[in-house]
Amino acid sequence: MAVNADIAGRRYPPAPVYEVGRAKIAEFAAAIRSEDPAHTDPEAARALGHPDVIAPPTFAVIVAQRAEAAVVQDPESGIDYSRVLHGEQRFTHHRPIVAGDRLVGTPHVDGVRQAGGNAMVTTRVEITTESGEPVSTAVSIIVVRGEA
Amino acid sequence: MGQPTYDSVAVGDTLPPRTFPLTRLDLVRYAGASGDFNVIHWNQRIATSVGLPDVIAHGMLTMATAARLVTDWATDPGAVVQYGVRFTNLVVVPDDDRGAELEVSGVVSGRDDQARTVTVDLTATSRGEKVLGRAQAVVRLA
């Protein structure tokens with residue numbers, strides 16, 4: 001089944017609120033072997049001017065991928081998850097993600113194009129707080145391998 | 001080493017290169033922390049059955065590890081205002097005590113006087129092959 005090019009330009013409903021916990025930030029930082037105290041020690045984070053511990057720059061992917069699931073799972077998209085590879089990822093941080101944030105990710109499909117038998121789907125997840133403050137924009141390109 | 005300031009950084013400056021190990025344990029831990037349980041990152045049987053050479057690292061783990069060169073240099077992980085990469089090659093992680101090695105280096109390629117940000121171009125290789133393309137971070141400095 002081919003990827004449906006008509007999904008380009010679509011915006012999907014936001015994923016449920018994701019509440020960022022201190023323990024989750026510490027767990028993620030440990031998983032990437034970052035020992036930066038700004039991820040684990042609220043005092044160290046405050047010394048840098050942050051209100052509480054902050055997440056590593058790629059932590060936003062957790063919120064982004066939860067939201068992107070709406071696109072991949074949309075039966076109309078024609079995306080077969082077992083054929084998906086991650087092609088590209090980009091984050092623009094309007095501010096760091098901080099413990100206590102209640103984040104909402106709204107997924108958009110910015111483009112679908114064919115390249116060498118594969119489909120490249122560009123998704124953009126706008127991450128804001130519950131009250132609408134912009135936090136991060138996560139753009140990813142997923143490659144859906146064609147059936148050889 | 002103190003925090004670099006905007007005025008102390010020039011185009012062409014290099015960030016000290018580092019080698020980061022990536023083991024099977026790192027992949028399992030990252031799967032749990034990120035919620036990405038794709039089997040190709042922990043199950044050799046399935047990875048090889050879909051044509052991969054072995055278990056491969058999550059692209060996002062490679063991306064996160066490469067960013068540590070920048071965040072450790074900047075001394076504030078919140079200073080990274082933009083970060084993007086292309087995943088150009090697989091990082092194969094063998095089932096032994098050493099795992100894979102990710103070699104990361106960086107060079108300052110631009111400065112923005114208005115925003116007081118610098119752009120760092122990153123190079124990440126594993127087994128001599130470039131695993132990230134167009135890897136770039138924009139860092140706000142005091």
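Two strands count as paired when DSSP finds at least two bridges between them. With that in hand, here are some exercises on this predicted model.

**Exercise 1.** Find how β3(A) and β4(A) pair, and which residue in their hairpin takes a positive phi.

*Solution.* Start with the strands: β3 of chain A covers residues 102–115 and β4 of chain A covers residues 118–129. They run antiparallel, with 12 bridges. For a cross-strand pair, look at H108(A), which sits opposite R124(A) in β4(A). Finally, go to the turn: the hairpin has 2 residues between the strands, and G116(A) has a positive phi near 55 degrees.

**Exercise 2.** Follow β4(A) to its pairing with β5(A) and name the bridge partner of V125(A).

*Solution.* Strand β5 of chain A spans residues 134–144, and its pairing with β4(A) is antiparallel over 10 bridges. Across from V125(A) you will find A138(A) in β5(A). This hairpin has 4 residues between the strands, with G132(A) at a positive phi near 100 degrees.

**Exercise 3.** Check the span of helix α3 of chain A, then locate its bend.

*Solution.* The helix holds 14 residues, 60–73. The rise of 1.5 Å a residue is applied to one less than the number of residues, so α3 of chain A should span 20 Å, and its end C-alpha atoms are indeed 20 Å apart. Next, the bend: α3(A) turns by about 30 degrees at A67(A). A67(A) is also among the buried residues of α3(A), which include E68(A).

**Exercise 4.** Is W42(B) buried or partly exposed?

*Solution.* Buried requires under 20% relative accessible area. W42(B) has 42%, so W42(B) is partly exposed. W42(B) lies in the loop between α1 and α2 of chain B and joins V28(B) and F37(B) in a nonpolar surface patch of about 320 Å².

How values were computed:
Residues numbered from 1 in each chain as written. Chains lettered and ligands numbered in written order. Predicted model: local features only at pLDDT ≥ 70, side-chain atom pairs only at ≥ 80, totals over all residues. Heavy atoms only, no water. Patch = residues over 30% accessible without salt bridge, like charges linked within 9 Å, V, L, I, M, F, W, Y side chains within 5 Å. Areas by Shrake-Rupley, 256 points an atom, 1.4 Å probe, with all protein chains shown as cover. Salt bridge = Lys/Arg side-chain N within 4 Å of Asp/Glu carboxyl O. Buried < 20%, exposed > 50% of the residue type's maximum accessible area, 1.4 Å probe, protein only. Bend = angle between axes of the 7 residues up to and from the residue.
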